[in-house]
Amino acid sequence: MVPKVVIVGSCMIDFTCFSPRLPKPGETLIGSKYEIKYGGKGANQCVTAAKLGASTAIVACLGSDTYAQEYLKIFKQENVNVSHIHIQENQHSGIAHITVADNGENSIVVVLGSNASLTSKYVDAAAEAIRDAAVLLCQLETPLETTRHALKLHKGHGLSIINGAPAMEHVDPEILSLCDIFCVNETEAEVMTGVQPLGLSSVQEAIDKLLDYGCNTVILTLGEMGAAFASKENRTATMVPTTPVQPVDTTGAGDAFLGALAYFKAYHPALPMDECIRRACVVATESVLKVGTHASFPTRSSLSPDLFL
C-alpha cells in the first residue's frame with residue numbers, strides 16, 4: 001500500500017516526571033510518578049494519523065539502543081511503514097525530558113541524539129514514497145536542510161505541512177515558501193514574530209508577520225480557544241473555535257492536531273480548510289483528556305463517525 005501520509009521527522013523517548021506544578025529556576029520539587037513513553041513530534045504526528053486510519057510512513061533515524069527496538073515494535077503495531085527508519089550505530093535515540101504539572105501544563109527539554117543524523121541521503125532513499133504521498137508532514141526537530149530537501153522533492157506532487165516546532169526565531173524563508181501550510185502554536189508564533197503576548201486581539205498581527213515572511217497558508221493553534229488561519233489570498237484571520245475541556249495532560253496535543261490535519265487533508269481533500277481544522281481540533285481535544293502521547297491519541301473507532309464523512 002502506498003502511504004498517503006509521509007512524515008519526515010523525529011522520534012523521541014519521553015522521560016516524564018509528574019509534579020504538583022512546574023518548578024521555578026533552581027527549585028527542586030517532589031514529584032508523584034515517573035514514566036518512560038515514546039514520542040517525538042514526527043512520530044507522534046505519524047501515530048495520530050495512523051490511528052485515524054491513514055496509511056503512513058515515517059522517514060527517521062533511531063539510535064542503537066533498546067528504545068529503538070521497542071519503537072520499531074510500536075510503529076508496526078500501529079501499521080506504520082518502517083522501511084525508511086535508519087538505525088544509527090554508536091548513537092543514542094533522541095530523548096525528551098518532560099515535566100507535567102497537575103493542571104496539565106508541561107515543560108520539555110529535548111536532546112536530538114540520532115535525529116540529528118537524519119540527512120538528505122535518507123530523504124533521497126525515500127524519494128518515491130515522498131513524491132507519491134498525498135500529504136508530506138515535517139517539523140523542526142531534525143536538520144533543516146533535510147526538511148528543505150524533502151519539500152523540494154514533494155513540490156508539485158501533493159500538499160506539504162510544516163509544523164514550526166520547536167520554536168525558532170528565524171526559520172529559513174525557503175522552507176516557509178516551499179510548504180503549503182505552516183502551523184505553529186502561540187508560543188512558537190511569539191518567538192517567530194515577536195508579537196507578545198499572543199491572544200485573540202493579536203492573532204491577526206502575528207499571522208500577517210508570518211505571511212510577510214513568505215508563508216503561503218498559516219494555521220495558528222490557540223489551545224482551548226481553537227485555531228486561526230489565513231493565506232496569501234485571504235489574509236484576514238478566520239477563527240475556528242473548539243470545545244473547552246479540563247485537560248489532564250496537554251503533552252502531544254499539538255502533534256495530535258497536526259497528525260489529524262494531515263489525515264483529513266489526505267483523505268478528505270474536498271473539505272474546506274476551516275472544517276479540516278475543526279475536525280483536527282476535536283482530535284486534539286480528545287488527546288488532552290488522557291496522560292501521555294501515543295496512549296492519549298484517539299482511534300477512529302473512539303470518535304464520532306461524523307468526523308469521517
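# A tour of the predicted model, starting at glycine 194

Select glycine 194, just after H7, where phi is positive at about 80°. The model is predicted, so local features need pLDDT of at least 70 and side-chain atom pairs count only at pLDDT 80 or more, while totals for chains, interfaces and linings use all residues. Residues are numbered from 1 along each chain as its sequence is written, and side-chain values use heavy atoms, with hydrogens and water left out. Helices (H or I, at least four residues) and strands (E, at least two) are DSSP runs, numbered from the N terminus.

**Helix H7**

Step back into helix H7, residues 186-193. Its buried residues (under 20% relative accessible area; exposed is over 50%, partly exposed in between, with a 1.4 Å probe and protein chains only) are Glu188, Ala189, Glu190, Met192 and Thr193. Show what they pack against: strand E10 (159-163), helix H6 (173-178), strand E11 (181-185), helix H8 (203-212) and strand E12 (217-221). Contact here means heavy atoms within 4.5 Å. At the N-terminal end of H7, select asparagine 185, which caps the helix with a side-chain oxygen 3.2 Å from the backbone nitrogen of threonine 187. A polar contact is a pair of N or O atoms within 3.5 Å; within protein, one must be able to donate a hydrogen and the other to accept it, and residues adjacent in sequence count only if both atoms are side-chain atoms.

**Strand E9 and its partners**

Go next to strand E9, residues 135-138. Val135 and Leu137 point one way, Leu136 and Cys138 the other, and all are buried. In a regular strand, side chains alternate between the two faces of the sheet. Strand E1 (residues 5-8) pairs with E9 in the parallel sense over four bridges; strands pair if DSSP finds at least two bridges between them. E9 is also joined to E10 by four bridges, again running parallel. Centre the view on leucine 137: isoleucine 7 stands opposite this residue, and in E10 its bridge partner is isoleucine 161.

**Helix H5**

From E9, move to helix H5, residues 144-154. The buried residues there are Thr146, Thr147, Arg148, Ala150, Leu151, Leu153 and His154. The buried residues of H5 pack against E1, H3, helix H4 (127-132), E9, E10 and H6. Glycine 156 follows H5, with a positive phi near 85°.

**Asparagine 115**

Select asparagine 115, in the loop between strand E8 (106-111) and helix H3 (120-125). Is asparagine 115 buried or exposed? Its relative accessibility is 0%, so asparagine 115 counts as buried. The side chain of asparagine 115 reaches the backbone oxygen of cysteine 11 at 2.9 Å, and a polar atom of that side chain lies 3.0 Å from the backbone oxygen of leucine 112. Apart from neighbours within four places in sequence, the contacts of asparagine 115 include Gly9, Met12, Cys61, Gly94, Glu141 and Pro143.

**The nonpolar cores**

Now display the largest nonpolar core, which has 54 residues. A nonpolar core is a set of buried Ala, Val, Leu, Ile, Met, Phe, Trp, Tyr and Cys residues joined through side-chain atoms within 4.5 Å. Ile58, Tyr71, Phe75, Ile219, Phe257 and Ile277 have the most contacts inside this core. Its largest share, nine residues, comes from helix H9 (residues 253-267). A second, separate core of 41 residues includes Ala57, Val59, Leu198 and Ala206. Back at phenylalanine 75, the contacts beyond four places in sequence are Cys11, Ala43, Val47, Ile58, Val80, Val82 and Ile85.

**Aromatic rings**

The whole structure holds seven aromatic pairs. Rings of Phe, Tyr and Trp (its six-membered ring) pair if their centres lie within 6.5 Å; planes under 30 degrees apart count as stacked, over 60 as edge-to-face and the rest as tilted. Select tyrosine 263 and phenylalanine 264, an edge-to-face pair at 5.1 Å centre to centre and 80° between the planes. Both are buried. Add tyrosine 267: its ring centre is 4.9 Å from that of tyrosine 263 and the planes are at 20°, so this pair is stacked. Tyrosine 263 and tyrosine 267 are four residues apart in helix H9, and therefore separated by about one helical turn. Tyrosine 263 has a relative accessible area of 2%, whereas tyrosine 267, at 27%, is partly exposed. Tyr263, Phe264, Tyr267 and Phe308 form one aromatic cluster.

Finish with lysine 4, which lies over the face of tyrosine 267 at 4.5 Å from the ring centre. A charge sits over a ring if NZ of Lys or CZ of Arg is within 6 Å of the ring centre and within 35 degrees of the ring normal. Lysine 33 has its charged end over the ring of phenylalanine 18, 4.8 Å from the centre.
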